[in-house]
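Colleague: Please pick one spot in this model and give me a close look at it. I'd like to hear what sits around it and how it ties in with the rest of the chain.

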Amino acid sequence: MEAEEVKREVRITSGVTFQKRIVSSDPDAYAKVNLEFEGLQESRVAELRDLFNKFAAEVEGMLFEDTSLYI
């Protein structure tokens, strides 16, 4: 039996990823926030970065609010 050749397509892009991992004092409580995109203008990237940071701050506040009930 001949080995089957495996073909893979590899695509390299100039994508952007924003990533935050938010951890509370409770070792079992964390949130991970990711935003990935590609092909956008720099002005849109800046706008998305600001929105991402605001959203991540909101998530952080909710996580700390929920876990502070157990401290």
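**A close look around Ser24**

Modeller: Let's start at Ser24, which touches Ala29, Leu63, Phe64 and Thr67, leaving aside residues up to four places away in sequence (a contact is heavy atoms within 4.5 Å). Bear in mind that this is a predicted model, where local features need pLDDT of at least 70 and side-chain atom pairs pLDDT 80 or more, while totals for chains, interfaces and linings use all residues. Numbering runs from 1 along each chain as its sequence is written, and side-chain values use heavy atoms, with hydrogens and water left out.

So where is Ser24? It belongs to the loop between E1 and E2. (Strands and helices are DSSP runs, E of at least two residues and H or I of at least four, numbered from the N terminus.) Ser24 has 8% relative accessibility, so it counts as buried (under 20% relative accessible area, with over 50% exposed and partly exposed in between, 1.4 Å probe, protein chains only).

Thr67, one of the residues that Ser24 touches, is part of helix H1. Thr67 is buried too, because its relative accessible area is 8%. Its side chain reaches the backbone oxygen of Phe64 at 3.5 Å, and Phe64 is also on the contact list of Ser24. (A polar contact is an N or O pair within 3.5 Å, one able to donate a hydrogen and the other to accept it within protein; residues adjacent in sequence count only if both atoms are side-chain atoms.)

Two other partners of Ser24, Ala29 and Leu63, take us into the largest nonpolar core. That core has ten residues: Ala29 and Leu63 along with Phe18, Ile22, Ala31, Val33, Phe37, Val45, Phe52 and Val59 (buried Ala, Val, Leu, Ile, Met, Phe, Trp, Tyr and Cys joined through side-chain atoms within 4.5 Å). Strand E1 (16-23), strand E2 (30-37) and helix H1 (42-68) are the elements that give two or more residues to it. H1 supplies the largest share, four residues. In soluble globular proteins, nonpolar side chains tend to be buried together.

Inside that core, Val59 touches Ile22, Ala31 and Val33, again not counting residues up to four places away. Val33 also gives a handy distance: its C-alpha atom is 9.8 Å from that of Asn53, 20 residues apart along the chain. Asn53 sits in helix H1, and at 35% relative accessible area it is partly exposed.

The aromatic side of the core deserves a look as well. There are two aromatic pairs in the structure (ring centres within 6.5 Å; planes under 30 degrees apart are stacked, over 60 edge-to-face, the rest tilted). In one of them, Phe18 and Phe37 put their ring centres 5.9 Å apart with planes at 55°, so this pair is tilted. Since Phe18 is in strand E1 and Phe37 in strand E2, the pair ties together parts that are 19 residues apart in sequence. Both partners are buried, Phe18 at 14% relative accessibility and Phe37 at 13%. Phe52 joins Phe18 and Phe37 in one aromatic cluster.

Zooming out, the chain has one helix and two strands, running β-β-α from the N terminus on. Of its 71 residues, 18% are buried, and Ser24 is one of the buried ones. Among contacts between residues at least 6 apart in sequence, 46% join residues at least 24 apart.

Note on methods: Rings of Phe, Tyr and Trp (its six-membered ring) pair if their centres lie within 6.5 Å; planes under 30 degrees apart count as stacked, over 60 as edge-to-face and the rest as tilted.
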